[in-house]
Amino acid sequence: MSGVPESGGGWTGAVRRKSVRALPPDKLMPDTQPAYMASWIYVFGVLTLTSLIVVLVTGGVLALKGPAWWHVSDVGKYVNSLHLWSVELFMFFMVIHLWGKFFMAAWRGRRALTWITGTVCFFTSIGTAFTGYLVQQNFDSQWIAGQAKDGLNSVGIGAFFNVLDFGQMLMWHITLLPFVLFLLTGWHLLLVRLRGIVPPIDATAPSADAITQEEAAP
């Protein structure tokens, strides 16, 4: 990219130059998209990200106010409902997005790591949603914890992941798993920008001659 010095700056300068070469601003924040992006299947990635933002914002409010707030306050019940339904939509959109990319063979064109990070995001989301159900502090969470206890103990992880320990499950839900999900989502989006959005299987890329003629046209 023009305007970026090729020497000097130490290791920070080297990292900056490498980052700008890999992801120039027009590639990191594009203002145009290919024509095939008009297909409805590409919408679900954006819907998944949008619902995740609502999940994180409402979950942050619930975490700041504490467990008792969403049971006794009308506003707390409203925010808790927003959090619940945004999670439901997030999982719904993510499943459609995941299956859509599976049938499109989204790992094509050096996009295997993009596909892997998206899949790991899905499984991390399942763990996050599961711990969220466990910290509701109602009969549903008690029943889910009771049913899950024996299953986890049978595989030998009940001592490390105690579903009957509210404090442990709350920390998993509001600290560790959201942090991992945030990092994976950021990595996934960065790879999408780096490798580009996967085209449909039957899409044909324009030839170099066609591109040259198009650029030369007034």
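A nonpolar core, as the term is used here, is a set of buried Ala, Val, Leu, Ile, Met, Phe, Trp, Tyr and Cys residues joined through side-chain atoms within 4.5 Å. The exercises below concern a predicted model.

**Exercise 1. Describe the overall make-up of the protein chain.**

Solution. Begin with the secondary structure: the protein chain holds nine helices and zero strands. Next, turn to burial, where 31% of the 218 residues count as buried. Then consider the contacts with a separation of 6 or more, of which 70% are accounted for by residues 24 or more positions apart. Finally, the accessible surface comes to about 14100 Å², and 69% of that area belongs to carbon and sulfur atoms.

**Exercise 2. Identify the largest nonpolar core and the helices that supply it.**

Solution. The largest nonpolar core has 12 residues in all, namely L52, V55, V87, F90, M91, M94, L98, C121, F122, A129, L181 and L184. Assigning these to elements, one finds that α3, α5, α6 (112-134) and α8 each supply at least two residues of this core, while the largest share, five residues, comes from α5. A second, separate core of nine residues includes V135, A148, L152 and F161. For a single member of the largest core, L184, the contacts beyond four places away in sequence are with V120, C121 and T124.

**Exercise 3. Check whether the length of helix α3 agrees with its number of residues, and find what its buried residues pack against.**

Solution. The expected span is 1.5 Å times one less than the number of residues, so the 23 residues of α3 should span 33 Å, and the end C-alpha atoms, 34 Å apart, agree with this. The buried residues of α3 are F44, T48, S51, L52, V55, T58, G59 and L62, and the partners against which they pack are α4 (69-72), α5 (74-103) and α8 (166-195). After the helix comes G66, whose phi is positive, near 95°.

**Exercise 4. Locate the nonpolar patch on the surface and explain why V61 is classed as partly exposed.**

Solution. The patch is formed by L49, I53, V57, V61 and L189, which together have about 380 Å² of accessible area. Helix α3 (residues 43-65) gives the most to this patch, with four residues, and V61 lies in that helix. A residue is buried under 20% relative accessible area, exposed over 50%, and partly exposed in between; V61 has a relative accessible area of 32%, and is therefore partly exposed. Helix α3 thus appears in both settings, as it supplies residues to the largest nonpolar core and to the nonpolar patch on the surface.

Key. Residues are numbered from 1 along each chain as its sequence is written. This is a predicted model: local features need pLDDT of at least 70, side-chain atom pairs count only at pLDDT 80 or more; totals for chains, interfaces and linings use all residues. Side-chain values use heavy atoms; hydrogens and water are left out. Patches are made of residues with over 30% relative accessible area and no salt bridge: like charges are joined within 9 Å, nonpolar side chains (Val, Leu, Ile, Met, Phe, Trp, Tyr) within 5 Å. Accessible areas come from the Shrake-Rupley method with a 1.4 Å probe; for residues, only the protein chains shown count as cover. A salt bridge is a side-chain nitrogen of Lys or Arg within 4 Å of a carboxyl oxygen of Asp or Glu. Buried means under 20% relative accessible area, exposed over 50%, partly exposed in between (1.4 Å probe, protein chains only). Contact means heavy atoms within 4.5 Å.
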